[in-house]
Amino acid sequence: EFASNPLLLTLMFMNFKRFADVPEKQYIFYQQAYDTLLQLHDGDKLTLKRDFHSVKDPSDFTDVFREFCAKSYRKGDYEFDHPKFEKYFNLLHSTEKLDPELMKLQNFIFDVCNSTCLMYEEAQSYHFLHRSFQEYFFADYYSRQVNEVLIKLGRSMRNSAQTLYDDGEAFK
């Protein structure tokens with residue numbers, strides 16, 4: 001499935017070159033792929049520096065994107081028109097600690113589509129480069145939460161339509 005997407009295939013190849021292996025654990029592969037995307041993908045392009053418009057530090061972007069993925073996956077949303085994207089952006093708590101002059105909706109959209117290429121815009125909607133990245137960041141977000149949050153998540157998901165998650169790998 002990755003071979004059908006040139007960027008994902010490139011990330012897989014770069015990961016393999018870097019680590020001489022493809023990890024058996026899926027979450028390790030996605031962490032390595034994300035790190036490769038942020039740090040190494042453009043490493044051979046000496047004049048290119050990956051600029052973020054919404055944050056000063058890529059780790060801050062990761063925190064915000066992780067929460068965006070968690071909230072949207074939890075609701076079963078995989079593509080977003082502008083109002084829906086804005087709705088999720090306005091729900092994010094991770095943006096509150098960041099520079100409000102930088103962390104604005106349009107800057108964040110620029111970063112997810114251009115600075116990281118984790119999403120793209122097509123037909124006036126935003127889509128994940130590959131849905132598996134949304135699943136990974138959903139799982140990563142909730143793996144960092146305290147037990148009370150996880151219990152609340154479990155209860156809300158039990159009451160959700162199972163079809164929202166049937167095709168996903170996030171729970172593995």
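Me: How do you know that the end C-alpha atoms of helix α3 (residues 58–74) are as far apart as they should be?

Reply: In this predicted model, the expected span is 1.5 Å times one less than the number of residues, so the 17 residues of α3 should span 24 Å, and because the end C-alpha atoms are 24 Å apart, the two values agree. After α3 comes Gly 76, with a positive phi near 75°.

Me: Which residues of α3 are called buried, and what makes Thr 62 count as buried?

Reply: The buried residues of α3 include Phe 61, Thr 62, Val 64, Phe 65 and Arg 66, and also Glu 67, Phe 68, Cys 69, Ala 70, Ser 72 and Tyr 73. Buried means under 20% relative accessible area, and Thr 62 has a relative accessibility of 10%, so Thr 62 counts as buried. Leaving out residues up to four places away in sequence, Thr 62 touches Tyr 34, Leu 38 and Phe 137.

Me: Why is α3 called roughly perpendicular to α6?

Reply: The axes of α3 and helix α6 (residues 131–143) come within 7 Å and cross at roughly 100°. Angles of 65 to 115 degrees count as roughly perpendicular, which is why α3 is described as roughly perpendicular to α6. On the α3 side the contact involves Thr 62, Phe 65, Arg 66, Glu 67, Cys 69, Ala 70, Ser 72, Tyr 73 and Arg 74, while α6 contributes Arg 131, Gln 134, Glu 135, Phe 137, Phe 138, Asp 140, Tyr 141 and Tyr 142. By class, the residues of this contact of α3 with α6 divide into 8 nonpolar, 3 polar and 6 charged.

Me: What makes α3 and α5 roughly perpendicular to each other?

Reply: Their axes lie 12 Å apart and the helices pack at an angle of about 90°, a value inside the range of 65 to 115 degrees, and α3 and α5 are therefore roughly perpendicular to each other. Phe 61, Val 64, Phe 65 and Phe 68 of α3 meet Phe 108, Asp 111 and Val 112 of α5 in this contact. The contact of α3 with α5 has 6 nonpolar, no polar and 1 charged residues.

Me: How do you know that helix α5 (residues 105–115) is largely enclosed by the rest of the structure?

Reply: The conclusion rests on a count, for 8 of the 11 residues of α5 are buried, and so the helix is largely enclosed by the rest of the structure. The buried residues are Leu 105, Asn 107, Phe 108, Ile 109, Asp 111, Val 112, Cys 113 and Ser 115, and what covers them includes α3, α4 (82–91), β2 (119–122) and β3 (125–128). Following α5 is Cys 117, whose phi is positive, near 60°.

Me: Why is Asp 81 called partly exposed?

Reply: Partly exposed is the class between under 20% and over 50%, and Asp 81 has a relative accessible area of 38%, so Asp 81 is partly exposed. Asp 81 sits in the loop between β1 (79–80) and α4, where a polar atom of the Asp 81 side chain lies 2.8 Å from the backbone nitrogen of Lys 84. Apart from neighbours within four places in sequence, Asp 81 is in contact with Gln 124 and Ser 125. Asp 81 and Tyr 126 are 45 residues apart in sequence, yet their C-alpha atoms are 6.2 Å apart in space.

Notes:
Residues are numbered from 1 along each chain as its sequence is written. This is a predicted model: local features need pLDDT of at least 70, side-chain atom pairs count only at pLDDT 80 or more; totals for chains, interfaces and linings use all residues. Side-chain values use heavy atoms; hydrogens and water are left out. Helices (H or I, at least four residues) and strands (E, at least two) are DSSP runs, numbered from the N terminus. Buried means under 20% relative accessible area, exposed over 50%, partly exposed in between (1.4 Å probe, protein chains only). Axes are lines fitted to C-alpha atoms, for helices over the stretch in contact, and angles run from 0 to 180 degrees between N-to-C directions. Angles under 35 degrees count as roughly parallel, over 145 as roughly antiparallel, 65 to 115 as roughly perpendicular and the rest as oblique. Contact means heavy atoms within 4.5 Å. Ala, Val, Leu, Ile, Met, Phe, Trp, Tyr, Cys and Pro count as nonpolar, Asp, Glu, Lys and Arg as charged, and the others, Gly among them, as polar. A polar contact is a pair of N or O atoms within 3.5 Å; within protein, one must be able to donate a hydrogen and the other to accept it, and residues adjacent in sequence count only if both atoms are side-chain atoms.
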